[in-house]
Every structure is written in C-alpha cells, then in structure tokens.
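Reader: Hi! Could you walk me through this one before I set anything up?
Author: Happy to. Here it is, and then ask away.

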There are 2 protein chains.
Amino acid sequence: MPKVVDAIERRRKLVEAVLRVIRRDGLEQASVRNVAREAGLSMGSLRHYFASQSELMAFAFRTVIDRIESRLATLEPEPDPRRRAERVLAELLPLDDERRVENELWLAFTSRALVDPALRELRDEGYDALRAGCRAILTDLSAAGLAPTDIDVETGRLHALLDGLAVHAAIRPDIHTAHSLKAAIARHLDALAREATAARAPTESALSRTVR
Amino acid sequence: MPKVVDAIERRRKLVEAVLRVIRRDGLEQASVRNVAREAGLSMGSLRHYFASQSELMAFAFRTVIDRIESRLATLEPEPDPRRRAERVLAELLPLDDERRVENELWLAFTSRALVDPALRELRDEGYDALRAGCRAILTDLSAAGLAPTDIDVETGRLHALLDGLAVHAAIRPDIHTAHSLKAAIARHLDALAREATAARAPTESALSRTVR
DNA sequence: GGTAGGCTAGCACGGCTGTGCTATAAAAGA
DNA sequence: TCTTTTATAGCACAGCCGTGCTAGCCTACC
C-alpha cells in the first residue's frame with residue numbers, strides 16, 4: 001500500500017524540483033538531467049516515473065492548474081460581488097512568490113507549446129479554464145449591475161488584461177508590484193461598473209460618440 | 001563601396017531567414033546551423049556577419065522593432081483622435097501575416113530574455129517603446145476628452161490589454177481573428193470615452209460605488 | 001525462503017548545440 | 001601587379017540533450 005503513496009509523493013517531489021529549476025534557471029534548463037539532479041535522483045529513476053520529458057512537463061503544468069483551481073475552490077464566501085471578483089482575480093495574478101513561479105511556468109509553457117504539439121492540449125485546457133473563469137466573474141458582476149451585459153466581448157478584454165498583466169509582471173517584476181497589479185484590476189472593475197451605468201443612460205454614450 | 005551595401009543586404013537576408021525559421025519551426029529551431037541552411041549559407045559565413053547567436057537574435061529583434069516604428073511613422077495623418085488611436089493600435093496587433101510573424105518573434109524573444117541576459121536590454125527597449133506608444137495614444141485621446149485624465153494607470157491597462165491580445169492571438173489564432181482583435185480594441189476605446197464622460201458626472205460614479 | 005516486480009542507478013548512443021579555427025576564393029587598394 | 005582585407009566554407013571540439021538499455025537492489029507477496 002505505501003507503494004502507491006510513495007509514487008505519488010515522488011512525483012510531487014519531482015514536480016517541485018521542476019518548478020525550482022524553472023524558477024532559478026528558466027525552462028530551457030529544465031532538462032531531464034537537471035531536474036533529476038535537483039531532486040537528488042538519477043536520470044533512470046526519474047524516467048521510471050515519467051517516460052518522457054513532455055510527460056514530466058505536462059504533469060508539472062497540470063499540477064499548477066490543479067493548485068490554482070484548488071485555491072479558487074477554497075476561497076472563503078464573499079457576499080459582495082465586487083469584492084468577490086477582486087478576490088478571484090487576485091488569485092489569478094502573480095501577487096506572491098508562489099504564484100510568481102506558477103506564472104513563469106505558464107509563460108514558458110505557453111511559448112514551448114507553440115512548438116511542442118504534445119503540450120498544446122494542456123495549454124488549451126489552461127486557456128479555456130482561465131477564460132471560463134473570466135466569464136463567470138463577468139456573469140456574476142453583470143447580474144449585480146456592475147458590468148455590461150454583453151459578456152462575450154468583455155470576457156475577451158478581461159482575459160487579455162489578465163494575461164497581459166501576467167506577462168508584464170514576469171518580465172518587469174520591479175515595476176509591476178502586487179500593488180500596481182491590483183490597482184489595474186481595480187480600475188478595470190471600476191470601468192466595468194461605470195459602463196454598466198452608462199449603458200442605462202444611452203444619451204450620455206451617444207453624446208460621447210458624436211464628440212469624436 | 002558595394003562592400004558595405006552587400007554586407008547590409010546579407011544581414012537583412014539573414015534576418016529574414018531567422019524569421020522564416022522561427023515562424024515555421026519555432027524559436028528553439030533557430031540555431032546557427034538551421035538559419036545558415038535556410039539562408040543558403042555556411043555556418044562560418046553566417047558567423048562572419050554575426051559573431052554569436054545572441055547577436056543574431058538581437059539584430060533580428062531590432063529589425064522587427066525598426067519595422068514597427070517605421071510603419072507607425074509612415075501612417076497617413078488622421079484628424080479624428082478616435083480613428084487615429086484605432087489606426088495606431090491596429091499597427092501594434094498581429095492582424096496580418098507579417099505582423100503575426102513579428103508577434104511570434106516577440107513572444108519567443110520575451111520568454112528567452114527571461115533567461116538570456118544578453119537579450120534583456122533589447123527586450124526592455126521594446127517594452128518601453130510599446131508602453132510609450134500606449135501613453136501617447138492616451139494622452140492624445142485624453143486631450144480630446146475621449147479618455148480619463150489619469151494617464152498612468154490607463155497606460156498600464158492598455159499596454160496589458162495589447163500584450164494579452166497578442167499572446168492570445170499567438171496561441172489561438174483560430175479564435176482570435178483580426179476582426180475579434182479589432183473589436184476588443186474598439187470596445188476598450190468606447191469604454192475609455194465613456195469613463196471620461198462619467199468622470200465629469202461624479203454623482204453617477206459615486207452611485208455605482210455605493211451600490212457595491 | 002524464495003521469487004516476482006517496483007525502484008534506482010548509470011552507461012551508451014546518436015544527435016544537436018555554439019563556437020574556435022584554418023584554408024580557400026574573391027575583391028579592393030596600393 | 002602585388003598585397004591586404006573581406007567573404008565563404010567547412011572541420012573539430014566540448015558540451016548538452018532525450019532516450020534506450022542493462023544490471024542490481026529492495027520490498028512485498030506467495
């Protein structure tokens with residue numbers, strides 16, 4: 001019985017080693033050899049758990065996805081829609097060290113999936129999940145009158161904003177602090193609320209249109 | 001005299017070869033050998049023009065930056081601020097094949113710069129240029145009353161939106177068509193204009209704040 | 001106690017990488 | 001015309017890569 005448990009534990013350790021290497025040296029350094037060394041294992045032993053390099057990477061990425069989903073699932077209930085949206089979005093941004101690693105993995109994974117078809121399916125899964133999350137937030141906000149009613153186009157905008165902020169946080173962590181990231185999100189939520197309000201006063205928006 | 005000209009021409013050909021390889025096989029395939037083969041040259045010959053691999057990549061990226069800037073510089077004058085913003089932003093999105101290649105190069109370059117310090121400076125330069133462009137657009141719009149006056153936070157939002165859309169277009173070109181990208185931008189510009197209007201009627205925004 | 005199988009280690013192979021180096025051909029300058 | 005630079009080619013080296021493979025260990029089960 002401890003067999004299986006140990007196997008799971010080993011795979012978990014290996015994934016942590018992958019994340020450490022990627023964080024420290026970048027995805028290109030996350031070779032089988034380097035990960036094995038980082039985990040204190042031999043190559044052969046690693047290959048006992050993961051038959052190929054793609055499998056290892058895919059498992060690492062899946063672990064990250066699971067982590068994020070589990071964090072979202074354990075969010076404490078929040079009655080206020082606006083605060084609820086902020087809480088969820090905060091979980092999706094690289095605000096602390098743990099999520100910063102996940103974000104860098106996501107970025108590296110995304111760019112590798114452009115080339116490695118074996119990773120594409122999983123990358124798409126992550127993409128779809130995030131987009132669905134954005135849609136859920138907007139549906140929730142819209143029901144409370146805090147966002148426009150055409151969810152589709154707003155989903156694209158919020159999703160792009162999130163991923164764009166994530167990219168910026170990854171390449172310029174000095175500029176994009178947790179504070180500035182949260183400020184950008186807050187501003188977007190403010191804007192959505194104002195749009196929802198403006199939509200109920202069409203004269204205003206018509207005026208702004210003629211002005212241009 | 002034809003010496004220098006030919007040298008420039010050769011470097012240009014080599015950069016085109018780099019872009020072709022990256023587009024076809026991804027950045028990881030853009031090795032010295034592959035690029036030389038693509039350009040119909042020997043490795044030694046390539047290394048006569050570019051002493052190192054980083055130098056070749058950096059030159060390719062600089063060429064792309066120059067291309068974008070030159071396209072922006074040759075935009076025909078547009079009196080209407082809103083249309084002017086749309087024109088500029090359209091140049092910065094991967095709407096056609098040429099810009100799609102540039103976008104993929106940007107993405108690959110960005111993720112490699114996370115690891116290769118030699119590329120970091122140039123990547124920062126591209127980042128700064130794009131951010132400055134966003135700021136200029138918003139300053140322009142704001143002066144026409146078509147965007148809020150706090151340029152700083154709006155710059156971050158627009159910049160993130162642009163890069164997020166670029167990432168999405170790269171990983172899901174089937175979903176993110178030229179049309180949907182332009183729609184997202186148009187929506188953002190609409191929202192900015194409405195925000196500028198709402199800011200002049202603070203009662204409205206105060207109301208929406210108390211609602212939450 | 002014996003034995004099958006999960007587990008670990010490590011070597012070897014072929015292939016790719018960037019770069020240093022030398023030798024040849026072409027062109028430019030004297 | 002002779003010489004010096006420039007351009008091209010291609011080999012060699014050391015290093016990394018993923019993966020196939022074999023040999024032993026160690027534990028669990030019969």
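**Talking through the model**

Author: Let me start with how the chain folds back on itself: in chain A, 60% of the contacts between residues at least 6 apart in sequence join residues at least 24 apart. Keep in mind that this is a predicted model.

Reader: Thanks! How many helices and strands are there in chain A?
Author: Chain A has ten helices and zero strands. Reading along the sequence, you get α-α-α-α-α-α-α-α-α-α. The C-alpha atoms of chain A fill a box of roughly 70 × 40 × 30 Å along the principal axes, and 38% of the 212 residues count as buried.

Reader: Where is confidence lowest in chain A, and where is it highest?
Author: The mean pLDDT of chain A is 87, with 90% of its residues at 70 or more. Confidence is lowest in α10(A), with a mean of 44, and highest in helix α2 (residues 32-39) of chain A, at 96. Over residues 202-212 of chain A the pLDDT is below 50, and this stretch has 13 contacts in the model beyond near neighbours in sequence.

Reader: Good to know. On to the two protein chains: how many residues does the contact take from each?
Author: It takes 47 residues from chain A and 46 residues from chain B. On the side of chain A that touches chain B, the elements giving two or more residues are α5 (81-91), α6 (97-113), α7 (120-143), α8 (151-171), α9 (178-199) and α10 (202-211). The largest share of that side, 13 residues, comes from α8(A).

Reader: And the make-up of that side of chain A by class? What does it have?
Author: The side of chain A that touches chain B has 22 nonpolar, twelve polar and 13 charged residues.

Reader: How can chain A be laid on chain B?
Author: A turn of 180 degrees and a shift of 0.0 Å along the axis lays chain A on chain B with an RMSD of 0.0 Å. The two copies are therefore related as by a two-fold rotation axis. Of the residues of chain A, A:Gly164 comes closest to that axis, its C-alpha at 1.9 Å. The same surface serves both copies, with 98% of the contact residues of chain A recurring in chain B.

Reader: Nice. Switching to the DNA: which residues come nearest to strand C?
Author: There are 22 residues around DNA strand C, and A:Gly44, A:His48, B:Ser31, B:Val32 and B:Gln53 come nearest. At least two residues each of the surface near DNA strand C are supplied by α1 (2-25) and α3 (43-49) of chain A, and by α1 (2-25), α2 (32-39) and α3 (43-49) of chain B. By class, the surface near DNA strand C divides into six nonpolar, ten polar and six charged residues.

Reader: What about strand D, which residues are closest there?
Author: DNA strand D is surrounded by 21 residues, the closest being A:Ser31, A:Gln53, B:Gly44, B:Ser45 and B:His48. The largest share of the surface near DNA strand D, four residues, comes from α3(B). That surface divides into six nonpolar, ten polar and five charged residues.

Reader: Last one: how far apart are the end C-alpha atoms of helix α4 of chain B?
Author: They are 30 Å apart, which agrees with the 30 Å that the 21 residues of helix α4 (residues 53-73) of chain B should span at 1.5 Å a residue. The buried residues of α4(B) are B:Leu56, B:Met57, B:Ala58, B:Ala60, B:Phe61 and B:Val64.

Terms used:
Residues are numbered from 1 along each chain as its sequence is written. Chains are lettered from A and ligands numbered from 1 in the order in which they are written. This is a predicted model: local features need pLDDT of at least 70, side-chain atom pairs count only at pLDDT 80 or more; totals for chains, interfaces and linings use all residues. Two residues are in contact if their C-beta atoms, placed from the backbone, lie within 7 Å. Ala, Val, Leu, Ile, Met, Phe, Trp, Tyr, Cys and Pro count as nonpolar, Asp, Glu, Lys and Arg as charged, and the others, Gly among them, as polar. A residue is buried if 20 or more other C-beta atoms lie within 10 Å of its own, exposed if 12 or fewer, and partly exposed in between; C-beta atoms are placed from the backbone. pLDDT is the predictor's confidence in each residue, from 0 to 100. A residue is near a molecule or strand if its C-beta atom, placed from the backbone, lies within 6 Å of it. Copies are superposed by least squares on the C-alpha atoms of residues with pLDDT of at least 70 in both. The expected span of a helix is 1.5 Å times one less than its number of residues.
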